Amino acid sequence: MNQEKKIRFKYRVKYTKGPEVKFVSHLDLMRLFQRAVRRAGLPIGYSHGFNPHQLMSFGNPLSLGMTSCAEYCDMEFVREEDTDVIVRKLRNVMNDGIEIISAARLSQTALTAMADLCACEYEAYLDSNVTGDMIEKNLKDFLNQKEILAMKKTKSFFKETDIRPDIFNIENISDEDGAKLRLTLAAGSTRSLRADLTVQTFLEYIGAEYDKYKITYKRTEMYRIADGKFVPLDKEVAMK
């Protein structure tokens, strides 16, 4: 006899990760959200089996030390909940350094944030030994290369890899506060490129010293592809 499949109500929550929690690992972040959902009294669904877990998944894990203003968590509830109520309840119990921005209802067939993800956008704040003029002088030639080789880490070793196909765009956004880059890079389960590796490769190309401890990063958005365009993971996903 077939067991009737339970209807789940899917939601996507957008949140920030500030300086206070930039060294919190992805695993600890998951636990933090699990506790927050329980404390908020939200009707989260659970998996079946001997070790049930909350039906919750996240977008591309953020590297330690980076901040973000656009992180995503998908949740499945056992009953419908107003999106404004979800935001309010989570804000009331969430740890310092994490701000809940919004929540959107998804369709039953919607892909998870990680499965739908194709690109991430970052801002890199560079060391004082790099100037906006240095970036402006070299960025076009750097991107015009047919190949951009870098030592990319695999599961067990480093391998020289052409990262050019995974660089969608790099912009010079330097201002009076210093040299800055905006990078749009491949991300997801099939293709992914780290922002720090991209910046390191660019600085080596222009002959500038690379000191990872003097460069900071902020993820500013996560994208999926819709009609051939990059669309933020929280846009055009709400169930009609």
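A contact here means heavy atoms within 4.5 Å. With that in hand, welcome to this predicted model, in which local features need pLDDT of at least 70, side-chain atom pairs count only at pLDDT 80 or more, and totals for chains, interfaces and linings use all residues. Residues are numbered from 1 along each chain as its sequence is written, and side-chain values use heavy atoms, with hydrogens and water left out. Among contacts between residues at least 6 apart in sequence, 70% join residues at least 24 apart.

**Overall picture**

- The protein has five helices and 11 strands; helices (H or I, at least four residues) and strands (E, at least two) are DSSP runs, numbered from the N terminus.
- Along the principal axes, the C-alpha atoms fill a box of roughly 65 × 40 × 35 Å.
- Of the 240 residues, 47% count as buried; buried means under 20% relative accessible area, exposed over 50%, and partly exposed in between (1.4 Å probe, protein chains only).
- About 13700 Å² of the protein is exposed, and carbon and sulfur atoms supply 49% of that area. Accessible areas come from the Shrake-Rupley method with a 1.4 Å probe, and for residues only the protein chains shown count as cover.

**Nonpolar cores**

- A nonpolar core is a set of buried Ala, Val, Leu, Ile, Met, Phe, Trp, Tyr and Cys residues joined through side-chain atoms within 4.5 Å.
- The largest one holds 37 residues, of which L126, I167, L181, V199 and L203 touch the most other members.
- Two or more residues of this core come from each of strand 3 (67–77), strand 5 (119–125), helix 4 (132–143), strand 8 (167–172), strand 9 (180–186), helix 5 (195–205) and strand 10.
- Helix 5 gives the most to this core, with five residues.
- Leaving aside residues up to four places away in sequence, L126 touches I135, A179, L181, V199, L203, K214 and I215.
- There is also a second, separate core of 26 residues, and among its members are Y11, A36, M56 and M75.

**Helix 5 in detail**

- Helix 5 is mostly covered, with eight of its 11 residues buried.
- Those buried residues are A195, D196, L197, T198, V199, T201, F202 and L203.
- They pack against strand 5, helix 4, strand 6 (149–153), strand 8, strand 9 and strand 10.
- T201 sits in this helix and counts as buried because its relative accessibility is 9%.
- Beyond residues up to four places away in sequence, T201 touches F142, I148, L149, A150 and I163.
- After helix 5 comes G207, whose phi is positive, near 80 degrees.

**Cysteines**

- Taking a disulfide as a pair of cysteine sulfur atoms within 2.5 Å, the count comes to zero.
- C69 has no such bond because the closest cysteine sulfur, in C120, is 12 Å from its own, too far for a bond.
- C73 is in no disulfide either, and the nearest cysteine sulfur, again that of C120, is 15 Å away.
- As for exposure, C69 is partly exposed at 30% relative accessibility, whereas C73 is buried at 0%.

**Surface and loops**

- F168, I225 and F230 make a nonpolar surface patch of about 260 Å². Patches are made of residues with over 30% relative accessible area and no salt bridge, where like charges are joined within 9 Å and nonpolar side chains (Val, Leu, Ile, Met, Phe, Trp, Tyr) within 5 Å. A salt bridge, in turn, is a side-chain nitrogen of Lys or Arg within 4 Å of a carboxyl oxygen of Asp or Glu.
- I225, a member of that patch, lies in strand 10 (residues 216–226) and is partly exposed, with a relative accessible area of 47%.
- D227 is found in the loop between strand 10 and strand 11 (229–232), where D227 is exposed at 78% relative accessible area.
- Although D227 is not a glycine, it has a positive phi of about 55 degrees.
- E176 belongs to the loop between strand 8 and strand 9 and counts as exposed, at 74% relative accessibility.
- E176 and T190 are 14 residues apart along the chain, and their C-alpha atoms are separated by 38 Å.

**A residue in helix 1**

- R35 has its place in helix 1 (residues 26–40) and is partly exposed, with a relative accessible area of 41%.
- R35 and M94 are 59 residues apart in sequence, yet 9.1 Å apart in space, C-alpha to C-alpha.
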